[in-house]
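Dear colleague,

I am handing over the structure below, together with some notes on what turned up in it. Please look through the sequence and the model before reading on.

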Amino acid sequence: MKIWTEPPARTDVEEVVRRYFDLLRAGAFPEAEQLVDHTSLRHVLRALWTGSAGADAGADESWERDLSWLRELRLGDFHWGDAGGSFYVEIGCLARTLDVSLGFWVKPVDAGWVVSGPSTLW
């Protein structure tokens, strides 16, 4: 997990999220989970599938057997909160923005600051 000893700049945090997303798209899930103080990866993948396919992921678990759909996703704009500690990033699939975004926040820990998340925002 990336740990900063001082509060990180937005650009540094965004770079970690970009790297995280690149690892997700490549199917390198253990490496992605190690970059951030991570929530349930299965929850994140299910939400991204539901948003990209426009389907109920609970009804069909085929998204877990063939993860090639991840390569069609892209990061959109970053939207920071007023206090600067939390933000969400839009996710796109092909030429459209999905109804689901990924939320992250910068949180203090004993060793400094880390990126935590993602939450899924609809």
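Two residues are said to be in contact here when they have heavy atoms within 4.5 Å of each other. Please keep in mind throughout that this is a predicted model.

With that meaning of contact, S101 is a convenient place to begin: this residue sits in strand β4, which covers residues 96-109, and, once neighbours within four places in sequence are set aside, S101 touches Y88, V89, E90, I91, S119, T120 and L121. S101 has a relative accessibility of 10% and therefore counts as buried, since the cut-off for that word is under 20% relative accessible area.

Strand β4 also takes part in the aromatic pairing, for which the count comes to 5 pairs. In one of them, the ring centres of Y20 and F104 lie 5.9 Å apart with their planes at 80°, so this pair is edge-to-face. Because Y20 belongs to helix α1 and F104 to strand β4, the pair ties together parts that are 84 residues apart in sequence. Both partners are buried, Y20 with a relative accessible area of 1% and F104 at 1% relative accessibility. Ring pairs link these two residues with F78, W80 and F87 into a cluster.

Turning to charged residues, side chains of opposite charge can pair when their charged atoms come close. The count of salt bridges in this model is 3.

- E14 and R18 form a salt bridge at 3.9 Å, N to O; they stand 4 residues apart in helix α1, so about one helical turn separates them. E14 is buried, with a relative accessible area of 14%, whereas R18 is partly exposed at 35%.
- K107 and D37 meet at 2.5 Å, N to O; as K107 lies in strand β4 and D37 in strand β1 (residues 37-38), this pair ties together parts that are 70 residues apart in sequence. K107 is partly exposed at 27% relative accessibility, and D37 is partly exposed with a relative accessible area of 25%.
- E64 and R42 meet at 2.9 Å, N to O; E64 is in helix α4 (residues 62-65) and R42 in helix α3 (residues 41-53), so the pair ties together parts 22 residues apart in sequence. E64 is partly exposed at 34%, and R42 is partly exposed at 38%.

Finally, on the surface, M1, I3 and V109 make a nonpolar patch of about 240 Å², and M1 itself lies in the segment before α1 (10-25).

With best wishes

Notes: Residues numbered from 1 in each chain as written. Heavy atoms only, no water. Patch = residues over 30% accessible without salt bridge, like charges linked within 9 Å, V, L, I, M, F, W, Y side chains within 5 Å. Areas by Shrake-Rupley, 256 points an atom, 1.4 Å probe, with all protein chains shown as cover. Salt bridge = Lys/Arg side-chain N within 4 Å of Asp/Glu carboxyl O. Helix = DSSP H or I, 4+ residues; strand = E, 2+ residues; numbered from the N terminus. Buried < 20%, exposed > 50% of the residue type's maximum accessible area, 1.4 Å probe, protein only. Phe/Tyr/Trp six-rings, centres within 6.5 Å; stacked < 30°, edge-to-face > 60°.
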